Amino acid sequence: MAFTAITTAAITGRHSILSTSLSSNLTTTVTLLIRIHRPLNPRKLITTMASSTTPSPEQKITAPYGSWSSPITSDVVSGASKGLGGTSVDSRGRLFWIESRPTESGRLVIVKGGNDENEEAVDVTPKEFSVRTVAQEYGGGAFSISGDTVVFSNYKDQRLYKQSTDSKGSAPVPLTPDYGGPLVSYADGVYDTLLNRFITVMEDRRESSLNAITSIASVELSDNNIQEPKVLVGGNDFYAFPRLDPEGKRLSWIEWSHPNMPWDKSELWVGYISDTGDLYKRVCVAGGDPALVESPTEPKWSDEGELFFITDRKSGFWNLHRWVESDNTVAPIYSLEAEFARPLWVFGMNSYEIIKEQNNLIACTYRQKGRSYLGILDKNKSTLSVLQTPFTDLMNITSGAQCLYVEGASGVHPMSIAKVSFDDRASNVVGFQIVWSSSPTISEYKSYFSSPEFIEFPTEVPGDVAYAYYYPPTNPIYQASQDEKPPLLLKSHGGPTAEARGILNLNVQFWTSRGWAFVDVNYGGSTGYGRAFRERLLKRWGIVDVNDCCSCAQFLVESGKADGERLCITGGSAGGYTTLAALAFKKTFKAGASLYGVADLKLLKEETHKFESRYMDNLVGGEKEFFERSPINFVDQFSCPIILFQGLEDKVVPPDQARKIYQALKAKGLPVALVEYEGEQHGFRKAENIKFTLEQQMVFFARLVGRFKVADEIVPIKIDNFE
């Protein structure tokens with residue numbers, strides 16, 4: 001139940017509010033409310049501030065926490081941040097990327113970078129297309145470039161298309177059959193230039209949308225010759241990372257089966273390709289030994305035909321390894337208690353690159369104690385050197401000519417792509433240039449930014465700790481009285497096998513610049529800290545995550561960083577479940593917001609998509625645990641206000657989840673509101689819906705627990721059992 005905004009988009013939509021009924025009158029009312037709302041002009045505020053010096057503490061305006069005015073408005077948040085859906089480099093060294101655009105209803109577009117900083121980037125994708133696959137619902141790996149050709153998945157029909165990246169206005173040409181709807185999806189593909197075909201993961205939902213058939217298939221690249229894809233590998237539940245060796249004679253891939261998720265247990269295979277393109281021999285490289293619990297991922301061939309991959313065998317940390325083909329053994333390249341990979345929620349991840357100019361060197365990213373590092377591994381000497389960059393958080397990397405294109409961020413940088421140039425020995429960074437930013441105008445608000453503080457706090461289990469990023473209230477114009485502590489908004493991340501990251505995010509700064517403290521928690525079960533930490537949640541989802549979130553909030557109260565009477569919790573997807581569970585089973589928080597969250601675990605298991613349909617078997621347990629950990633079964637234990645937000649086209653957490661808990665809480669007499677969005681799926685991609693969600697969360701908390709009036713001109717929605 002992760003939410004990855006970069007891999008999804010929305011089509012059309014409207015707001016509808018369920019407060020007293022499901023009538024169309026309420027929908028119309030909310031639409032009118034949005035139209036009459038006139039937010040403050042952030043550019044005017046910035047201009048006014050820039051003309052004067054920052055006030056000293058004596059000159060600052062003293063006002064209650066939460067009531068401060070800020071130029072980081074909901075319009076700025078919803079419209080400024082573009083998402084990033086992957087990068088690639090063509091044979092000429094030109095950079096391409098996918099960006100999602102909230103102002104275009106979340107449409108995803110392939111963009112070609114300029115040859116130098118003076119040349120403008122241009123869209124490759126025509127306006128009637130959106131580059132997104134819904135394979136495994138979360139998608140990823142939606143495009144691949146070879147020469148001057150890009151193959152991509154189109155969101156509306158899920159077909160693969162081929163397009164020239166050089167010819168201006170080049171029209172995409174379909175490669176896969178039209179099945180009368182988006183019934184077959186493709187992801188994570190690679191070119192087989194020897195046989196002029198495209199090898200890709202294929203998800204076929206023609207027989208069942210809840211039990212799709214996944215395989216690795218080949219698609220012909222010939223013009224005007226659309227054929228049914230040919231299945232090369234099948235029979236297991238899931239596949240990822242099909243990768244060809246340089247000669248086109250061996251194909252590697254990752255596969256796994258129910259009830260495991262790919263980070264629980266997976267297998268790496270290699271198949272040998274015949275002259276006709278079929279696989280005539282298969283070898284299990286890693287994951288097949290029952291005595292070893294491991295989850296190999298990200299296989300990659302060097303130019304010499306050597307296979308590398310990442311696995312967490314023995315150590316419990318994802319480290320780089322290589323395959324010794326002669327005796328089918330695995331050898332570690334470098335061992336470190338750090339994570340060199342991320343959980344496979346989306347296709348197309350790329351955590352390391354073999355440097356073409358020096359094949360003994362591997363550029364890699366790894367994560368250790370809440371921070372990312374960019375490193376160079378010498379596979380022959382088994383040494384690791386760290387390259388210094390301004391980024392403290394790294395995602396994918398792509399190899400260019402004497403450079404790397406790095407997706408990264410930090411506490412003062414939003415998600416960006418940077419060109420990192422290094423010397424001939426790849427031992428030092430000689431150039432760092434940001435070539436794309438998710439929020440290019442964000443520096444206007446620098447004086448309002450709250451910097452994340454990495455904290456370690458004790459959990460309920462003696463000797464165990466968990467982690468979080470704490471953001472204090474920050475505003476250059478305002479201060480609170482010395483005897484007041486700030487309200488705290490605690491965020492529980494999705495997944496739950498995911499990780500909160502301490503980067504510059506306007507969604508967070510929206511709160512902190514208005515006088516809220518904000519904390520993003522990595523509870524037991526989060527990634528980034530090794531398998532043992534990740535497996536704290538096995539059979540204990542709804543217990544460990546809830547306890548850790550409550551422990552973090554209490555830790556901040558005891559540290560004097562938050563008001564214990566104004567603790568609020570929010571979360572999306574699995575984080576929405578943790579929110580509801582915390583409000584049902586604990587009394588720490590005074591109000592909560594659940595975004596497309598889970599209220600009924602049994603119902604979720606019955607209705608969710610195939611990828612996560614057995615996820616909860618390992619996270620929860622048996623029928624008894626499913627009942628005991630479902631907030632919907634313990635409505636009598638809820639005691640505080642809740643606001644719910646839900647997309648009506650959500651196939652991961654269907655709308656019934658929000659509707660059931662809403663009706664139950666309303667019947668109990670608790671203050672509650674439900675906002676539904678047509679055209680939205682798992683997570684909100686449209687600017688107007690992102691804006692509305694942010695505003696209504698804030699005014700909801702302010703009215704019910706905040707004891708302050710917000711500075712923004714926001715018309716609140718109706719709250720049942722309150723007005």
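In what order do the 4 strands of the open sheet S19-S20-S21-S22 run, and is the pairing parallel or antiparallel? The strands follow one another in the order S19, S20, S21, S22, and their pairing is antiparallel. This is a predicted model, and the sheet is a friendly place to start looking at it.

Begin at the rims of this sheet. Strand S19, residues 297-301, and strand S22, residues 329-332, stand at the edges with a single partner strand each, so one side of each has no neighbour in the sheet. From one strand to the next, the twist averages 30°. Now look between the edges. Strand S20 (residues 307-311) pairs with strand S21 (residues 319-324) in the antiparallel sense, and 4 bridges connect the two. To find a spot where they face each other, look for Phe-309, which stands opposite His-321 in S21. As a reminder of what holds such an arrangement, strands of a sheet pair through backbone hydrogen bonds, either parallel or antiparallel.

From the backbone we can turn to the charged side chains. The structure holds 44 salt bridges, and a few of them make good stops on our tour. One joins Asp-393 and Arg-501, whose closest N and O atoms are 3.0 Å apart. Arg-501 sits in the loop between strand S34 (488-492) and helix H4 (506-512), while Asp-393 belongs to strand S27 (residues 393-400), so this pair ties together parts that are 108 residues apart in sequence. Are these two residues buried or exposed? Arg-501 has a relative accessibility of 17% and therefore counts as buried. Asp-393 is buried too, with a relative accessible area of 1%.

A second salt bridge links Asp-245 with Arg-250, and here the closest N and O atoms are 2.9 Å apart. Both partners can be placed on the accessibility scale: Asp-245, at 6%, counts as buried, and Arg-250, at 12%, counts as buried as well.

The third stop is the salt bridge where the side chains of Glu-104 and Arg-107 meet, at 2.9 Å from N to O. In this pair, Glu-104 is partly exposed at 31% relative accessibility, whereas Arg-107 is buried at 10%. The two residues also have further company. Together with Lys-82, Glu-99, Arg-101 and Asp-123, Glu-104 and Arg-107 are linked in a network of salt bridges.

Next, let us look at the empty spaces inside. How many cavities of 30 Å³ or more does the structure hold? There are 9 of them, and the largest has a volume of about 90 Å³. Its lining draws on several stretches of the chain, with residues including Trp-263, Asp-264, Thr-497, Gly-525, Arg-534 and Glu-535. Leu-537, Leu-538, Tyr-615, Asn-618 and Leu-619 line this cavity too. Helix H9, residues 615-619, supplies the largest share of the lining, with 3 residues. By character, the lining of the largest cavity divides into 5 nonpolar, 3 polar and 3 charged residues.

Our last topic is the backbone and its less common turns. Most residues other than glycine have a negative phi, and most peptide bonds are trans. Against that background, four places are worth finding. The peptide bond from His-258 to Pro-259 is cis, with omega near 5°. Pro-259 lies in the loop that runs between strand S16 (250-256) and strand S17 (267-273). Another cis peptide bond joins Gly-495 and Pro-496, where omega is about 5°. Pro-496 is placed in the loop between S34 and H4, which is also where Arg-501 lies.

The other two places concern phi. Ala-426 is not a glycine, yet its phi is positive, near 55°. This residue is found in the loop between strand S29 (416-422) and strand S30 (429-437), and at 1% relative accessibility Ala-426 counts as buried. Tyr-596 likewise has a positive phi, near 40°. You can find Tyr-596 in the loop between strand S37 (591-595) and helix H8 (601-607). With a relative accessible area of 6%, Tyr-596 is buried.

Conventions. Residues are numbered from 1 along each chain as its sequence is written. This is a predicted model: local features need pLDDT of at least 70, side-chain atom pairs count only at pLDDT 80 or more; totals for chains, interfaces and linings use all residues. Side-chain values use heavy atoms; hydrogens and water are left out. On a 1 Å grid over the protein atoms alone, a cavity is a set of points where a 1.4 Å probe fits but cannot get out, and a pocket is an open set with protein on both sides within 12 Å along at least five of seven lines; lining residues have an atom within 4 Å of a point. Grid points are joined across faces, edges and corners, and a volume is the space filled by probe spheres set on the points. Ala, Val, Leu, Ile, Met, Phe, Trp, Tyr, Cys and Pro count as nonpolar, Asp, Glu, Lys and Arg as charged, and the others, Gly among them, as polar. A salt bridge is a side-chain nitrogen of Lys or Arg within 4 Å of a carboxyl oxygen of Asp or Glu. Buried means under 20% relative accessible area, exposed over 50%, partly exposed in between (1.4 Å probe, protein chains only). Two strands pair if DSSP finds at least two bridges between them. Axes are lines fitted to C-alpha atoms, for helices over the stretch in contact, and angles run from 0 to 180 degrees between N-to-C directions.
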